[in-house]
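I opened this entry to record what I looked up in the model. The notes follow in the order I made them.

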Amino acid sequence: MSTRGLGARQSKESAITRHVPLSQVIGYSVGSIGTGVYMTAPSVLLLYYMTDILGVSPALAGLGVFIPRLWDMVTDPAMGWISDRTRSRWGRRRPYLLVGGIATATSFGLLFSAPDLPGEGWNFAYVLIVYIFSATAYTVFAVPYLAMPAEMSADPHERAGIMAYRMTFAMTGVLIGAAAAPALVTWFGGGREGFAGMSWTMGAICAATMLITFRATVRVPVITPDKIERPALLREAFTLPGFRTLALAYALQLAGLGVFTASAPYVTLHMMRRGEADISFIFLALLGGTLASLLVWDRVSRKTGKTPAYIAAAAISMIGFVAMLLLHGAEDWQALIVMTAIAGIGFGGLQLLPFAMLTDVIHTGRLRGVDAAGSLTGVWTAVEKGSLALGPLIVGLLLSVGGFDAAAQQQGVGVVDTIRWTIGAVPTTLILLSVPALILYHRSQ
């Protein structure tokens, strides 16, 4: 396509730009509370649940968390492809919000409600099977849901604003999943009963928020450029400039976050010598910094551009994580909270900006006649979930190598050192590796 032709199409696109009413933006964004809860609570608690409650070895438990994310690598792009081609009186995305929301909530309740099974193998099999089903249910909701903002407005600043609202609600969900979930385990009595009570409570929150979004998006605008004859094939979607490098950067950063969230229970219990309920304080600090910074990162990106702001957010997160290498024991609890809050400020940018940049990539493709919102979002969510699941896998393997013993009341010095290096050095390294990919993305635009 010629530059002149693209310019004409962009002019026509600008002419049909619509302001999305705030009520619709908020109604859409509420569903992100459910996605935040679902993505966070298992990342924080499932590895610990398997090792310390069900008696599964750390390495095997890490596989139990990671294998369903390999399944997502197939189902997420497939779900995007399906939603791109769906035609119904509810639109091509909304039917899946209803089905996926109900199934996600139900399966979440079952995930931490394992019956009393004989031995490690049976417990591992239960969690693996339920988690695979649950991951599929979440895919049915999340992929069409996350594809919607790119179609709601032709204005890149308005799309970034929509994403800021969505991420604010998502971080609220993350806060619930990371901070309230451990507290609920204690409130319900701890052990198997505590985890079961927590999981059904979290499942109810997922159901309520996801179904609210299904109802609230009935009149959400859908901007469709002219001359799109058919949805793009997945291989065509991959040719859009910057998508692969942006996805690589996001994957590395989320893997670092996954390592941190999976390490937090072990830091709290075995390094800081505190109870399960205190895990919540770490995530309150992380997400407090995140929520406080979201709108700031939106404003910064408007002034500096999204990529420079993104790199700055990565740098701030690395400062918080690398400082954790200075921690020694229970006397450093308050320092850990401060360092986590610093990392959280950077994490706000690491969540808001890549999603806003993804909508730019999708919208640029639509201007060129490549209708790939669902397919690209499917790949993106597969990357997101797979990267987060790498965290527990890495933590489980490192704990096994370090000599972690789930039956021991007190871990040895070598295990504590392993936990310290895992929570500090590994996230820092992964985020640092993402910066060259961000630079390549910027050069492609």
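I took helices as DSSP runs of H or I with at least four residues, numbered from the N terminus. On that basis Ser107 lies in helix α4, residues 94–111. The model is a predicted one.

**Entry 1: Ser107**

I asked whether Ser107 is buried or exposed. Ser107 has 0% relative accessibility and therefore counts as buried, the cut-off for buried being under 20%. I then looked for what Ser107 touches beyond residues up to four places away in sequence, and found Val130, Phe133, Ser134 and Ala137. I also checked the side chain of Ser107, which has a polar atom 2.9 Å from the backbone oxygen of Ala103.

**Entry 2: Ser387**

I went on to another serine, Ser387, which I found in helix α14, residues 373–402. Ser387 has a relative accessible area of 5%, so I logged Ser387 as buried. Which backbone oxygens does the side chain of Ser387 reach? I noted the backbone oxygen of Ala251 at 3.3 Å. I also noted the backbone oxygen of Val383, 2.6 Å from a polar side-chain atom of Ser387.

Setting aside neighbours within four places in sequence, I listed Ala251, Leu254 and Ala255 as the contacts of Ser387. Ala251 thus appears both in that contact list and as a backbone partner of the Ser387 side chain. I looked up Leu257 as well: its C-alpha atom is 8.8 Å from that of Ser387, although the two residues are 130 apart along the chain.

**Entry 3: α2 against α3**

I turned to helix packing and began with α2 (residues 22–53) and α3 (residues 58–85). I read an angle of about 150° between them, with the axes 8 Å apart. Angles over 145 degrees count as roughly antiparallel, and α2 and α3 are therefore put in that class. The crossing of α2 past α3 is right-handed. From α2 I listed Tyr38, Leu46, Leu47, Met50 and Thr51 in the contact, and from α3 Pro58, Ala61, Gly62, Gly64, Val65 and Arg69. Sorted by class, the contact has 7 nonpolar, 3 polar and 1 charged residues.

**Entry 4: α2 against α10**

I then asked how α2 packs on α10, residues 243–271. The angle came out at about 55°, with the axes 6 Å apart. I entered the pair as oblique, because that is the class their angle falls into. The crossing of α2 and α10 is right-handed. On the α2 side I noted Ser43, Val44, Leu47, Tyr48, Thr51 and Asp52, and on the α10 side Thr261, Ala262, Pro265, Tyr266, Leu269 and His270. By class I recorded 7 nonpolar, 4 polar and 1 charged residues for this contact. Leu47 and Thr51 of α2 are in the contact with α3 and also in the contact with α10.

**Entry 5: Arg273**

I looked at phi next. Most residues other than glycine have a negative phi. Arg273 is not a glycine, yet I read a positive phi of about 60° there. I placed Arg273 in the loop between α10 and α11 (279–304). Its relative accessibility is 43%, so Arg273 goes down as partly exposed.

**Entry 6: the chain as a whole**

I ended with totals. How many helices and strands does the chain have? I recorded 15 helices and 0 strands. Of the 445 residues in the chain, 60% are buried. For contacts between residues at least 6 apart in sequence, I noted that 85% join residues at least 24 apart.

Notes
Residues numbered from 1 in each chain as written. Predicted model: local features only at pLDDT ≥ 70, side-chain atom pairs only at ≥ 80, totals over all residues. Heavy atoms only, no water. Axes fitted to C-alpha atoms, helices over the stretch in contact; angles between N-to-C directions. Helix = DSSP H or I, 4+ residues; strand = E, 2+ residues; numbered from the N terminus. Parallel < 35°, antiparallel > 145°, perpendicular 65-115°, else oblique. Left-handed = near helix turned anticlockwise from the far one by under 90°. Contact = heavy atoms within 4.5 Å. Nonpolar A, V, L, I, M, F, W, Y, C, P; charged D, E, K, R; others polar. Buried < 20%, exposed > 50% of the residue type's maximum accessible area, 1.4 Å probe, protein only. Polar contact = N/O pair within 3.5 Å; in protein donor to acceptor, adjacent residues only side chain to side chain.
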